[in-house]
Amino acid sequence: MSDPTRETDVRLRAALDQVPAYVPGKPAAAREGVTSYKVSSNENPFPPLPSVLEVIRDAATQVNRYPDMAVTALTEALAERLGVPTEHIATGTGSVGVLGQLVQATCDPGDEVVYAWRSFEAYPIVTALAGARSVQVGLDDHARHRLDAMAAAITDRTKVVIVCTPNNPTGPMVTHTELERFLDQVPSRVLVVIDEAYVEFVTGEDAPRSLELYRDRPNVMVLRTFSKAYGLAGLRVGYAVAHPPVASALRKTATPFGVNSLGQAAAVASLEAFDELKERVDQLVAERTRVVEALRGQGWFIADTEANFVWFGLGERSGAFAAAAQEAGLTLRQYGDDGVRATIGEPGANDVLIRVAGDFLLDNPVT
């Protein structure tokens, strides 16, 4: 019998040593007598619409067949809805899957990817997997992108700049005016990715008109997903809108048959039912307003979030706050000693968050 503890002589890529682990949101811990809520993964608390579930059930009868590798139905539906040519659409396994395809298509070892930090934790992962180098530019005191500093960080080795708006995990958006001024500073050879995973939740003034920017600038790409507002996180469908050379490269680097038949059918049905879905999004935005107002009323500094979550920049007290929430049945997402993110969930979960935050502030005043 072989020894399972024996070390292997197989040689793996050295770049893997630089890849940080993705830390998913923990599931809610069941506790007797306490209602548990998971608000650690920015999931939509609503299940898919009944009409979408019916489409998924019908599509499930054909899972013995390979899906359409070209994702034709969804590509055509997106092109019609967004008013762009089909050849400008590329799909993948969630927006993070498309981003991974992009970095593979653009970066050689030693090339650079510039992005704000803290931002989406998949950015350093997909960058390191390509053997590229992350250039992280710190947020300002209001948890917002410092776009001038990001522009100054661009070098001859920079291939990609990612702008996450609204920013995950802190919440603020980049305005259209700010984004235009930033793009004027970026060399045309550098691809700018506007990552809009939470775009459907945005209600602020001067919100980015990203498709307008993409149409005017060949080096701009828009990245979106069906995981958040559409409530299809478990089916992994995302897409990019980009000019043909970039969109074609994304299709080349995509995992064959990556978007499965259930995901495509559900995404198309969700687009058709968006007016009904929008009512749910509006409910979550209203809950977001209620939560933010309550937290600020308690004395918290809460960044101006345009997403479906709020950010507590607690520093070294992050662990204590996450633990207090867990004790009350609320599973939050802790980011080391940077802070804690709480998804806007069902009203009951939001009520627990407000109560826990108020109690914590009484015992741990935030200056």
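**Entry 1. Arg 288 and its partner**

I looked up Arg 288 and found it buried, with a relative accessible area of 5%. I note here that the model is a predicted one. Arg 288 forms a salt bridge with Glu 306, and the closest N and O atoms of the pair are 3.8 Å apart. Glu 306 lies in the loop between helix H10 (274-298) and strand E9 (309-312), while Arg 288 belongs to helix H10, so the bridge ties together parts that are 18 residues apart in sequence. I then asked whether Glu 306 is buried or exposed. Its relative accessibility is 13%, and because buried means under 20%, Glu 306 counts as buried.

I also recorded a network: Asp 111, Arg 157 and Lys 159 are joined by salt bridges that share partners.

**Entry 2. Other salt bridges**

How many salt bridges does a search of the whole structure find? The search gives 16. I examined two more of them.

Asp 156 pairs with Arg 189, with 3.9 Å between the closest N and O atoms. This bridge links distant parts of the chain, 33 residues apart. Asp 156 sits in the loop between helix H5 (147-152) and strand E5 (158-164), and Arg 189 in the loop between helix H6 (176-185) and strand E6 (191-195). I found Asp 156 exposed, at 72% relative accessibility, and Arg 189 partly exposed, with a relative accessible area of 46%.

Asp 184 forms a salt bridge with Arg 217, and here the closest N and O atoms are 2.9 Å apart. Asp 184 lies in helix H6 and Arg 217 in the loop between helix H7 (210-216) and strand E7 (220-225), so parts 33 residues apart in sequence are tied together. Asp 184 counts as exposed, at 57% relative accessibility.

**Entry 3. Helices H3 and H8**

Two packed helices are described by the angle between their axes and the distance between the axes. I therefore looked up both values for helix H3 (residues 94-106) and H8: the axes come within 8 Å and cross at roughly 105°. That crossing makes H3 roughly perpendicular to H8. On the H3 side, the contact is made by Val 98, Gln 101, Leu 102, Gln 104 and Ala 105. On the H8 side, I listed Val 246, Ala 249, Leu 250 and Thr 253.

From Val 246 I looked toward Asp 17. The two are 229 residues apart in sequence and 29 Å apart in space, C-alpha to C-alpha. Asp 17 lies in the segment before strand E1 (37-38) and is exposed, at 65% relative accessibility.

**Entry 4. A nonpolar patch**

Which residues make the nonpolar surface patch of about 380 Å²? I found Tyr 66, Met 69 and Phe 257. Phe 257 lies in the loop between helix H8 (244-253) and helix H9 (261-272). Phe 257 is partly exposed, with a relative accessible area of 33%.

**Entry 5. Helix H4**

I then turned to helix H4 (residues 122-129), which is mostly covered, with 7 of its 8 residues buried. The buried residues are Ala 122, Tyr 123, Pro 124, Ile 125, Val 126, Thr 127 and Ala 128. I asked what covers the buried residues of H4. The cover includes H3, strand E3 (112-117), strand E4 (133-138), E5 and E6. Finally, I noted that Gly 131, just after H4, takes a positive phi of about 80°.

Definitions and conventions
Residues are numbered from 1 along each chain as its sequence is written. This is a predicted model: local features need pLDDT of at least 70, side-chain atom pairs count only at pLDDT 80 or more; totals for chains, interfaces and linings use all residues. Side-chain values use heavy atoms; hydrogens and water are left out. Patches are made of residues with over 30% relative accessible area and no salt bridge: like charges are joined within 9 Å, nonpolar side chains (Val, Leu, Ile, Met, Phe, Trp, Tyr) within 5 Å. Accessible areas come from the Shrake-Rupley method with a 1.4 Å probe; for residues, only the protein chains shown count as cover. A salt bridge is a side-chain nitrogen of Lys or Arg within 4 Å of a carboxyl oxygen of Asp or Glu. Helices (H or I, at least four residues) and strands (E, at least two) are DSSP runs, numbered from the N terminus. Buried means under 20% relative accessible area, exposed over 50%, partly exposed in between (1.4 Å probe, protein chains only). Axes are lines fitted to C-alpha atoms, for helices over the stretch in contact, and angles run from 0 to 180 degrees between N-to-C directions. Angles under 35 degrees count as roughly parallel, over 145 as roughly antiparallel, 65 to 115 as roughly perpendicular and the rest as oblique. Contact means heavy atoms within 4.5 Å.
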